[in-house]
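Here are some comments on the model you sent round. They follow the helices, then the core, then a few individual side chains.

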Amino acid sequence: MEIVQRLRAMALLCRQGAAYHPDKSWKLLAEADYWEHLAAAALSKLRRCE
């Protein structure tokens, strides 16, 4: 479960960075989507193993 929290934290950092750097927001928001996708996949994998 810790890995899911870490991946979501990375997504949050990207979103925060997008708020502070509007010129790079498109890239940072895309990265946030990527990290959220990884978190969802990891969570799904954890649930299958239970």
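Is tyrosine 34 buried, partly exposed or exposed?

1. Tyrosine 34 is partly exposed, because its relative accessibility is 46%, and the cut-offs put buried under 20% and exposed over 50%. This is a predicted model, and every value below is computed from it.

2. Tyrosine 34 also belongs to an aromatic pair, and the structure holds one such pair. Its partner is tryptophan 35: the ring centres are 5.5 Å apart and the planes meet at 65°, so the pair counts as edge-to-face. The angle that matters here is 60 degrees, since planes over that value are called edge-to-face. Tryptophan 35 is partly exposed as well, at 21% relative accessibility. That value should be read against the cut-off, because buried means under 20%.

3. Helix H1 covers residues 2-20 and helix H2 covers 25-49. For the 19 residues of H1, a rise of 1.5 Å a residue predicts a span of 27 Å, and the end C-alpha atoms are 27 Å apart, which agrees. For H2, with 25 residues, the expected span is 36 Å and the end C-alpha atoms are 36 Å apart, again in agreement.

4. The buried residues of H1 are Val4, Leu7, Ala11, Cys14, Gly17 and Ala18. Viewed down the axis of H1, these residues fall within an arc of 150°, so they line one face of the helix. The spacing fits the general geometry: an α-helix has 3.6 residues a turn, so residues three or four places apart point the same way. On the other side of H1, the exposed residues are Gln5, Arg6, Leu13, Ala19 and Tyr20. H2 is part of what covers the buried residues of H1.

5. In H2, the buried residues are Leu28, Ala32, Ala39, Ala42 and Leu43. They pack against H1.

6. Which residues make up the largest nonpolar core? There are five: Val4, Leu7, Ala39, Ala42 and Leu43. Both H1 and H2 supply at least two residues of this core, and H2 gives the most, with three. Within the core, leucine 43 is a useful residue to inspect. Setting aside neighbours within four places in sequence, leucine 43 is in contact with Met1, Val4 and Arg8.

7. How many disulfides does a search of the whole structure find? The search finds zero. Two cysteines can be set side by side for their surroundings. Cysteine 14 is buried because its relative accessible area is 8%, whereas cysteine 49 is exposed because its relative accessibility is 64%.

8. Two nonpolar side chains deserve a look for their exposure. Leucine 13 lies in H1 and is exposed, because its relative accessible area of 53% is over the 50% cut-off. The C-alpha atoms of leucine 13 and leucine 29 are separated by 9.9 Å, with the two positions 16 residues apart along the chain as counted by number. Tryptophan 26 is placed in H2 and is exposed, with a relative accessible area of 63%. Tryptophan 26 and glutamate 50 are 24 residues apart along the chain, and their C-alpha atoms are separated by 37 Å.

How values were computed
Residues numbered from 1 in each chain as written. Predicted model: local features only at pLDDT ≥ 70, side-chain atom pairs only at ≥ 80, totals over all residues. Heavy atoms only, no water. Core = buried A, V, L, I, M, F, W, Y, C linked by side-chain atoms within 4.5 Å. Buried < 20%, exposed > 50% of the residue type's maximum accessible area, 1.4 Å probe, protein only. Helix = DSSP H or I, 4+ residues; strand = E, 2+ residues; numbered from the N terminus. Contact = heavy atoms within 4.5 Å. Disulfide = S-S within 2.5 Å. Expected span 1.5 Å × (residues − 1). Arc of directions from axis to C-beta. Phe/Tyr/Trp six-rings, centres within 6.5 Å; stacked < 30°, edge-to-face > 60°.
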